[in-house]
Amino acid sequence: MSLSQEILPQLRDEKKVQTPSYSPQDLSAGILHVGIGNFHRSHMATYMNDLFNDVTLLPENKDWGIVGAGILHFDAAKRDLLESQDWMQTLVQRDANSSQASLIASMIDFLPVDHVKKEHKQLQDMLSLNTGIKIVSLTVTEGGYFLDNGQFDAKHPQIQHDIAHPDAPQTIFGMIVKALKHRRKHGLNPFTVMSCDNIPHNGHVVHSVVAGIAQAQPDTTEFVPWMEATVTFPNSMVDRITPGTTPAMKETVATDYGYTDAAPIFCEPFRQWILEDKFCAGRPTWDKLPASANISFVHDVAPFEWMKIRILNGGHASLCYPAALLNVPYVHDAMLHPAIGPFVDTLERMEIIPTVGEVPNTNLAEYWQLIHGRFSNPTIMDTIGRICYDGASRQPKFIVPVVADSLAKEGAGARVDGLALVSALWCRYCQGRTESGDVIGPNDPQWDRLQGLAEKAKTSSSAWLEGLDDVYGDVAKSPVFTAAFDRALTKIQLVGVEATLQQYVSTYQ
């Protein structure tokens, strides 16, 4: 049998899956979310599900139902799939010791996706006219924010279209500007714009895109000051390891729980959400959830962002390339590897954590141990290929800034040998073969460029750093880092990945 409202009574009787205690029909729309991917469904949608399942919190939150939206072809496919399940989704959170399944019903609708004509009338109408919508949230990945070297790219063709055609926008950000103009003109309440993407200062990023479009459009001299004074763009730090859905996950649902779900979500038990409490039109009472929900409102999200981005994302970015080169398929396998696991642990303690700075009410060594345990979770099956993808975007976010901070603070005495080794491993990976000789397929939007530079680096290590000025910036000009990179790449080519990792670890023993 397939997941739907019709089978809920049977699932309740069987008690294998936690079913909603509320009826989605009793909810009304309060959040319009763009980008209904696995992470949104394991994170924000689950937090809302928890609120609705609490009989004491439901009455004050029933106006915060989620309406899904999207503008791309795969959003249309996801909508069709979820519609067949009455918008319900299975969430399985598990680790080595436990597994718990629940049904998520916090999304009450998913707007039709007009990816062909690109008129998006229903989406634009809801943004402009539905005053019940008080939060517009997004998980569109970093690539969806039209950035160039971390800054808003006003010259992007789609952005140029929205600037030139403010009444017929094609990006979600142009639609947000159009909707806010309409609400201001007609005296309607504005809405909060909230990024839930895993990017530093995500609130500032989405604000820069919305404001950038508005400022470039004609006749906005009064609108822009109103927007800046009225609309809020809270920063937040989001965290929950959530891999993509696989056939094995679908089979697990069918075998263990007795029904089929075309898009179940499997994730770790851990989750965290740190937010600025800046919501111009109100918000759900997330702060009333129990402490186990791990959600906090703070004045400044930045320390928590740096902690997570450097220790967790930096850890992922450090282990993925040696794992790929040694044919290690999953993150948890990498943590158990006799060379990779100790390498990541040493790198974190000696080079990454010292650059993080103080984080309120947080012991960074204990936080790393928490991350270590999460990486080691054998049930998540998080693939190394997923973590390796798009290194040209990930390295300048997660590794290069750590190097830059270390060099700025310590100069010639900076500890960057391990970080330089990460860059050398990325370079070696881009040469396109594992140590066993297996072909590494294209795994980056810039793969051809990266592979060409990696080939040149076989005889001249400087070719890699000099050819990736957009990735390394001033770090590539540091004699300390360039010398460390050259030593690392040379050693990898001479003795191999595993021996190079072991030699690095031995320098701190």
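1. Tyr47, Trp273, Phe279 and Trp286 make up one aromatic cluster. The model is a predicted one, and the points below should be read with that in mind. The cluster has a charged neighbour: Arg271 lies over the face of Tyr47, 4.3 Å from the ring centre.

2. Trp286 deserves a closer look. Leaving aside residues up to four places away in sequence, Trp286 touches Tyr47, Met48, Leu51, Ile135, Met194, Trp273, Leu275, Phe279, Ile295 and Phe297. The other members of the aromatic cluster, Tyr47, Trp273 and Phe279, are among these contacts. One further contact, Phe297, also carries a charge over its ring: the charged end of Arg283 is 4.0 Å from the ring centre.

3. On the nonpolar cores: the largest has 90 residues, and within this core Leu32, Phe173, Trp273 and Trp286 touch the most other members. A second core, separate from that one, has 81 residues, including Ala324, Val328, Val416 and Tyr504.

4. The structure holds 15 aromatic pairs. One of them is formed by Phe223 and Trp226, a tilted pair with 5.8 Å between centres and 35 degrees between planes. Both residues belong to helix 10 (residues 223-230), where they are three residues apart, about one turn of the helix. Phe223 is buried at a relative accessible area of 4%. Trp226 has 19%, and because the cut-off for buried is under 20%, Trp226 also counts as buried.

5. The pair of Tyr504 and Tyr508 has another geometry. The ring centres are 5.5 Å apart and the planes stand at 70 degrees, so this pair is edge-to-face. Tyr504, at 6% relative accessibility, is buried, whereas Tyr508, at 29%, is partly exposed. Tyr504 is also a member of the second core.

6. Which strands stand at the edges of the three-stranded sheet? The sheet is open, with the order 10-12-13 and mixed pairing. Strand 10 (236-239) and strand 13 (295-298) are the edge strands; each has a single partner strand, so one side of each lacks a neighbour in the sheet. From one strand to the next, the twist averages 15 degrees.

7. Within this sheet, strand 10 pairs with strand 12 (residues 272-276) in the antiparallel sense, over four bridges. Ser236 has Leu275 of strand 12 as its bridge partner. Leu275 is also one of the residues that Trp286 touches.

8. Is strand 3 (residues 89-94) enclosed or left open by the rest of the structure? Six of its six residues are buried, so strand 3 is largely enclosed. In a regular strand, side chains alternate between the two faces of the sheet. Here Gln89, Leu91 and Gln93 point one way, while Thr90, Val92 and Arg94 point the other way, and all are buried. The buried set thus includes Arg94 as well as Leu91 and Val92.

9. Strand 3 pairs with two strands, in opposite senses. With strand 4 (residues 99-104) the pairing is antiparallel, over six bridges, and a hairpin of four residues joins the two strands. Leu91 stands opposite Ser102 of strand 4. With strand 11 (residues 265-267) the pairing is parallel, over three bridges, and there Val92 stands opposite Phe266.

How values were computed
Residues are numbered from 1 along each chain as its sequence is written. This is a predicted model: local features need pLDDT of at least 70, side-chain atom pairs count only at pLDDT 80 or more; totals for chains, interfaces and linings use all residues. Side-chain values use heavy atoms; hydrogens and water are left out. A nonpolar core is a set of buried Ala, Val, Leu, Ile, Met, Phe, Trp, Tyr and Cys residues joined through side-chain atoms within 4.5 Å. Buried means under 20% relative accessible area, exposed over 50%, partly exposed in between (1.4 Å probe, protein chains only). Contact means heavy atoms within 4.5 Å. Rings of Phe, Tyr and Trp (its six-membered ring) pair if their centres lie within 6.5 Å; planes under 30 degrees apart count as stacked, over 60 as edge-to-face and the rest as tilted. A charge sits over a ring if NZ of Lys or CZ of Arg is within 6 Å of the ring centre and within 35 degrees of the ring normal. Two strands pair if DSSP finds at least two bridges between them. Axes are lines fitted to C-alpha atoms, for helices over the stretch in contact, and angles run from 0 to 180 degrees between N-to-C directions.
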